[in-house]
Amino acid sequence: MDGFENNKPADIIIPPGQAEAHLGNTKPSKKQEPSVRHTKRKQGSSTKFERLAEAGRWFQMICWLKIPVIGFIYMLGLAISRKTPEDKKNFILGYMLYKLLVWTLAIVIAYVLYKAGLSFIDGMLQYIS
């Protein structure tokens with residue numbers, strides 16, 4: 001006995017992707033090892049087409065938001081929807097705060113101009129009389 005009688009094929013552990021090399025086949029199959037192009041790509045990176053498609057979706061969303069009444073409804077729909085990604089929900093929240101600030105500022109300026117305009121017109125009428 002040479003001491004190898006207890007070694008069964010199940011006891012030999014071969015790392016994945018090296019099975020062909022141990023069996024005498026020097027070329028790995030395409031199924032076992034990815035191509036070099038896929039291994040160098042970062043996990044979070046995307047293709048140029050995917051980036052352009054994402055930019056197009058953001059552009060479409062911004063265009064919808066600029067339409068006065070429809071944009072407000074669209075904004076509420078995105079804010080309420082569960083399918084909306086977190087980054088778009090954060091953008092919508094920021095956009096809502098921006099709109100609230102702009103409308104508040106516009107109302108305050110309109111009120112101040114209204115009051116100033118009334119006193120100016122009243123002064124002009126007294127001057128004429």
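**A guided tour of a five-helix predicted model**

Select K88, I92 and Y95 to begin: these are the buried residues of helix α5. The model in the viewer is a predicted one. The cover over these buried residues includes helix α3 (48–65) and helix α4 (68–80).

**The whole chain**

Next, display the whole protein as a cartoon. Its secondary structure consists of five helices and zero strands, and the order along the sequence is α-α-α-α-α. Of the 129 residues in the protein, 9% are buried. Switch to a surface representation: the protein exposes about 11800 Å², and carbon and sulfur atoms supply 66% of that area. Among contacts between residues at least 6 apart in sequence, 31% join residues at least 24 apart.

**Helix α5**

Now select residues 86–128, which form helix α5. This helix has 43 residues and spans 62 Å from its first C-alpha to its last, close to the 63 Å expected at 1.5 Å a residue.

**The nonpolar core**

Show the side chains of M61, L65, M75, L78, I92 and Y95. These six residues make up the largest nonpolar core. Helices α3, α4 and α5 each supply at least two residues of this core. Centre the view on L65 and display its surroundings. Leaving aside residues up to four places away in sequence, L65 touches G71, Y74, M75, F91, I92 and Y95. Among these neighbours of L65, M75, I92 and Y95 also belong to the core.

**The aromatic rings**

Turn next to the aromatic side chains. A search of the whole structure finds four aromatic pairs. For one of them, select W58 and F91: the ring centres are 5.5 Å apart and the planes stand at 85 degrees, so this pair is edge-to-face. W58 lies in helix α3 and F91 in helix α5, so the pair ties together parts that are 33 residues apart in sequence. Is each ring buried or exposed? W58 is partly exposed, with a relative accessible area of 22%, and F91 is also partly exposed, at 29%.

Keep F91 selected and add Y95. Here the ring centres are 6.0 Å apart and the planes are at 25 degrees, so the pair is stacked. F91 and Y95 are four residues apart in helix α5, a separation of about one helical turn. An α-helix has 3.6 residues a turn, so residues three or four places apart point the same way. Y95 has a relative accessibility of 10% and counts as buried, whereas F91 is partly exposed. Add Y98 to complete the group: W58, F91, Y95 and Y98 form one aromatic cluster.

**The lysine over the tryptophan**

Finally, return to W58 in helix α3 and bring K88 back into view. Where does K88 lie relative to W58? K88 lies over the face of W58, at 5.5 Å from the ring centre. The two residues are 30 apart in sequence, and their C-alpha atoms are 8.6 Å apart in space. Which residues does W58 touch, not counting residues up to four places away in sequence? They are D87, K88 and F91. K88, with which the tour began, is thus a buried residue of helix α5 that also sits over the face of W58.

Methods. Residues numbered from 1 in each chain as written. Predicted model: local features only at pLDDT ≥ 70, side-chain atom pairs only at ≥ 80, totals over all residues. Heavy atoms only, no water. Buried < 20%, exposed > 50% of the residue type's maximum accessible area, 1.4 Å probe, protein only. Contact = heavy atoms within 4.5 Å. Areas by Shrake-Rupley, 256 points an atom, 1.4 Å probe, with all protein chains shown as cover. Expected span 1.5 Å × (residues − 1). Core = buried A, V, L, I, M, F, W, Y, C linked by side-chain atoms within 4.5 Å. Phe/Tyr/Trp six-rings, centres within 6.5 Å; stacked < 30°, edge-to-face > 60°. Lys NZ or Arg CZ within 6 Å of the ring centre and 35° of its normal.
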